[in-house]
Amino acid sequence: MGNKDIFDEEDIKRIQSEFDSLINNLQRCNKPGDRELIEKAFKIANEAHWNMRRKSGDPYILHPISVAKIVNQEIGLGAKSIAAALLHDVVEDTDYSLEDIKRDFGSKIASLIDGLTKISGTYNKETSSSMQAENFRKMLLTLSDDLRVILIKIADRLHNMRTLDSMPENKKMKVAGETIFLYAPLTNRLGLYAIKSELEDLSFRFRQPMIYEEIASKLKHSEKRYFTLINKFSLPIIDKLTEAGLKFDINARPKSIFSIWKKMQSKNVPYEEIYDVLAVRIVFEPVPGIPEKTTCWNIYSIITDYYLPKPDRLRDWISRPKPNGYEALHLTVMGPQGKWIEIQIRSTRMDDIAERGYAAHWRYKGDDSQESELDKWIKKIRQMLENPLEDPIEFLDEFKMNLFSSEIMVFTPKGTLISLPKGASALDFAYEIHTEVGNKAIGAKINYKLNPINAILMSGDQVEIITSDIAKPVKEWLSFVHTAKAREAIKDALRTESKNRIQRGMEILESKLNELGVAPNSEILKKIMQSFDIANKDELYSGIELGIINLDNLKKIIRKNPSRNVMKYWELKLLGSKKEKKEEEHSTEKIDTSVPFLLRENIDNAEQSYEIAKCCNPIPGDEVTGYLSPEGAIIIHKPKCPVAIRLMSNEGNRIIAVKWAIHKLVAFLARINMTGVDRIGLANEITNIISSELKVNMTNINISVSNGICTFTTQKILIILYLRYQISKVLKV
C-alpha cells in the first residue's frame, strides 16, 4: 500500500499530464463509449489512490496510468483492458470493493480485476506452503477464462521492473527472481518479444549488476564500430531490394544484454567472441497477389546472391511458426571485414505479431483461418488447468516444466505432426494420442525399431505405440513422463486402481470377520493395524487385496490384548509434535531485511549463522543473495543459480540481501579448469604460482596438451581469492 502524503500543485499537474498522454494517444479504442469508459475508470482510480505515494515518492496513480499505457501502446489491448489496468490496484489497496467495480463497470471488468487482485487474508502455513506461489496460481488459473488478465499483469510487472530501483535490496531480488522464473518465459510464450527481452535485461541487471554493467559498457563502447559495419553491409542490399520493387524498412539493433550473456555462458566464450551481437531486420510490405512466404524467400535469394550464407544458421519459422506465433526467416551471412551478421526477414504482419504477440495474433486471425501454434498452446494451458494441482509450488513447477520448455516435433505412423516438450518419452507421446493408448502402452517403435516406453524422443522421430489389454499404469511411470496430460492421466489411473483395491480389501476383511462371527468395528480394526504395524485403514485394505497382509491368524489377532507398543507409538508422536511446535515458534524476527546481511569470516562467532549452498558454491567476491531457511540459517546462493531463482519465485519473503564482509585471503575447496596456449615450462610456472607463491595445497592436478593447446585441471584445491586470475595470466587466456 502506498504512503499517505498530501499532493501539491506540481503533483496534480503531473498526474493530469500523464493521463492526457494516455487518452490522447489511444490505439484501437474507436468504439462509442471507449473514451468515456477510460475517463470514468481514471476518475475513480485517482480518487481511490488520492494522496497515496509509491516507495519512489511518486503519486501512486502514476503507476496504474503507466500500466494502462503499456497495455494499450505496447501490447495493443482495448478500452476494457485499459480501464482494468487503471483500476487494478484499487480493490487490493483501497476501500473500493469488487462489488463496487461490478456495479460501476460491469461483470467483465470486475472479473479481470478479481484475477489481478492478490489473495487476501492471513498467511497460513497449514493451508498454503507459499502465499507468493498461491498468488501466481490464482493468476495463472485465469488463463482458462480470459488471457487479458495475464497480459495486464505482465504490463504491471514491466512497470514495476522499470521502477524497481526505489525498493529495498531484498525486495529487488524477490521481484527480479519472480520475473526471470515466471514472467519472462510466460511473456515469451505469448509472443511479446520486445517486453520479454526488457524483462530479462531488467531482471539480470538487479540479480547480477556487475556482469550486466560490464556487458553494457562493452556494447556501448563497440556500438559506433558495429553500426559503421552494418551501414556498409546494408547499402548493396538496399539497392537490390529497391530494384526488385519492394517497399521495406531495414534496421539493425543489438541483442539484449541477457541474451548476449546466455550465449557467452552456453558457448563458454568471452564477449569479444560473440559474432552476432547485432541483427539486421528487414520488414517488407506484402506484395498483392504474392504470398508473404514467397517474398521472404525472394529476399533471401537476393541477399545470398551478394553475401555467402552460413548453412547451419538458417532458421525457417515461416513454414512452421514458433508455438508463440512468431514467424520470420533468419539467416547468417559473411559480411564485410570477415564478420558474421544475422538477418531477420519479416512482413509487416509478422513484425507486428513478433512485437505485440497475442493481441496482434488475434487481430490478424480471420474466422476461417487454421488453428495456429499459439492457439494450440493456449488449448494445452486450458487442458492443464482443468484439474489444477492443490499445492501451489507443485502447480508452478508443473506449469513451468510443461509450458515453457523447448519443444520437439515427432510424427505418428500416418505422418501427423505432434508437438512435445524436449525430453519427452514415448509414453508422453502415447498419452498425447489418447489417454487409453497411454494406459495400455507396453512399448514403442521409434523409426521402425523396438524401444521401451521410457525411451526419450528426438525431433523428427516417427513413433508407433504398442499396446496390450492387460497393461496398466504403475507408479514408476511418473518418473519418466514430462507432459501434464500424461502425469495427470497416470495419477488418475493410480487413484482409481487404489480406490478399487481398498474396496476389494475391505470386502475381503469383512468376509473373514463374518466367518468368525465378529462384527467389524474401530476396536477390531485398531487391533489388526497394530498387529501388522500399519498406520491407516487404507493401507490395511490395500495390503489385504495385494496379498501382502495374510489373514490366516486373524482369530488369534482379534483376541489379543492391546500391546504397550501402541503407547510407545503415541508417545513418539506427541514428542514429535512438541518438537515441530518448537520449530514453528523459532523466531527469525531478529534479522533486519532492510539492510544487507554481512557475511563475516568467523561464522562460529557471528550473530546469525549462514551456509554456502552446495548447488552453486559461491566464494567471496561473487555476487550473492541469501535465503532465510525455516530452520533459521541463511543459505548463500549465486543469483544466477536455478535453485535461488526458484526460491525467489516461490518464497520471495525469505530472500534477504547479503554481501561479503571478508577482507582477508580466505581458502575454499574448489576445482579449476582452464585452457591456454602451450609453451615450454608452463606446467612448472602454474605449480609454482599455486604451491610456492600462494602456499596453496592441491590434492590432484592434471595437465594435458593437444595440438598446442594446454588443458589444466585440478580435482581438489584449496583456492585463495584471485588465484584463478593469477593462473589465467600465465596461461594467456
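Angles under 35 degrees count as roughly parallel, over 145 as roughly antiparallel, 65 to 115 as roughly perpendicular and the rest as oblique. With that in hand, welcome to a predicted model whose chain holds 29 helices and 21 strands. Of the 733 residues in the chain, 47% are buried. Among contacts with a separation of 6 or more, 66% join residues 24 or more positions apart. Here is a friendly tour of a few helix pairs, a covered helix and one asparagine.

**Helix 7 and helix 9**

- The axes of helix 7 and helix 9 (residues 148–162) come within 9 Å, and they cross at roughly 55 degrees.
- Helix 7 and helix 9 are therefore oblique to each other, because an angle that is neither under 35, nor over 145, nor from 65 to 115 degrees counts as oblique.
- The crossing of helix 7 past helix 9 is right-handed.
- On the helix 7 side the contact is made by K108, L112, G115 and L116, which meet R148, V149, I152 and K153 of helix 9.
- By residue class, this contact of helix 7 with helix 9 has four nonpolar, one polar and three charged residues.

**Helix 4 and helix 7**

- Helix 7 (residues 107–116) also pairs with helix 4 (residues 79–87): their axes come within 9 Å and cross at roughly 45 degrees.
- That angle makes helix 4 oblique to helix 7.
- Here, too, the crossing is right-handed, with helix 4 passing helix 7.
- From helix 4, K80, A83, A84 and L87 take part, and they meet K108, I109, L112, I113 and L116 in helix 7.
- The residues of this contact of helix 4 with helix 7 comprise seven nonpolar, no polar and two charged.
- K108, L112 and L116 of helix 7 appear in the contact with helix 4 and also in the contact with helix 9.
- A general point helps in reading such lists: an α-helix has 3.6 residues a turn, so residues three or four places apart point the same way.

**Helix 10 and helix 11**

- Helix 10 (residues 169–189) packs with helix 11 (residues 193–207) at an angle of about 155 degrees, and their axes are 9 Å apart.
- The two helices, 10 and 11, are therefore roughly antiparallel to each other.
- The crossing of helix 10 and helix 11 is left-handed.
- Helix 10 brings K172, M173, A176, G177, T179, I180, Y183, A184, T187 and N188 to the contact, where they meet I195, K196, L199, E200, S203, F206 and R207 of helix 11.
- Sorted by class, the residues of the contact of helix 10 with helix 11 are eight nonpolar, five polar and four charged.

**Helix 14 and its cover**

- Which residues are buried in helix 14 (residues 257–267)? They are I257, F258, I260, W261, K263 and M264.
- The cover over the buried residues of helix 14 includes helix 10, helix 11 and helix 12 (209–221).
- Just after helix 14 comes N268, with a positive phi of about 55 degrees.

**N51 in its loop**

- N51 lies in the loop between helix 2 (34–48) and strand 2 (52–53).
- Is N51 buried or exposed? Its relative accessible area is 14%, so N51 is buried, because buried means under 20%.
- The side chain of N51 reaches the backbone nitrogen of F7 at 2.8 Å.

Conventions
Residues are numbered from 1 along each chain as its sequence is written. This is a predicted model: local features need pLDDT of at least 70, side-chain atom pairs count only at pLDDT 80 or more; totals for chains, interfaces and linings use all residues. Side-chain values use heavy atoms; hydrogens and water are left out. Axes are lines fitted to C-alpha atoms, for helices over the stretch in contact, and angles run from 0 to 180 degrees between N-to-C directions. Helices (H or I, at least four residues) and strands (E, at least two) are DSSP runs, numbered from the N terminus. A crossing is left-handed if the near helix is turned anticlockwise from the far one by less than a right angle, and right-handed if clockwise. Contact means heavy atoms within 4.5 Å. Ala, Val, Leu, Ile, Met, Phe, Trp, Tyr, Cys and Pro count as nonpolar, Asp, Glu, Lys and Arg as charged, and the others, Gly among them, as polar. Buried means under 20% relative accessible area, exposed over 50%, partly exposed in between (1.4 Å probe, protein chains only). A polar contact is a pair of N or O atoms within 3.5 Å; within protein, one must be able to donate a hydrogen and the other to accept it, and residues adjacent in sequence count only if both atoms are side-chain atoms.
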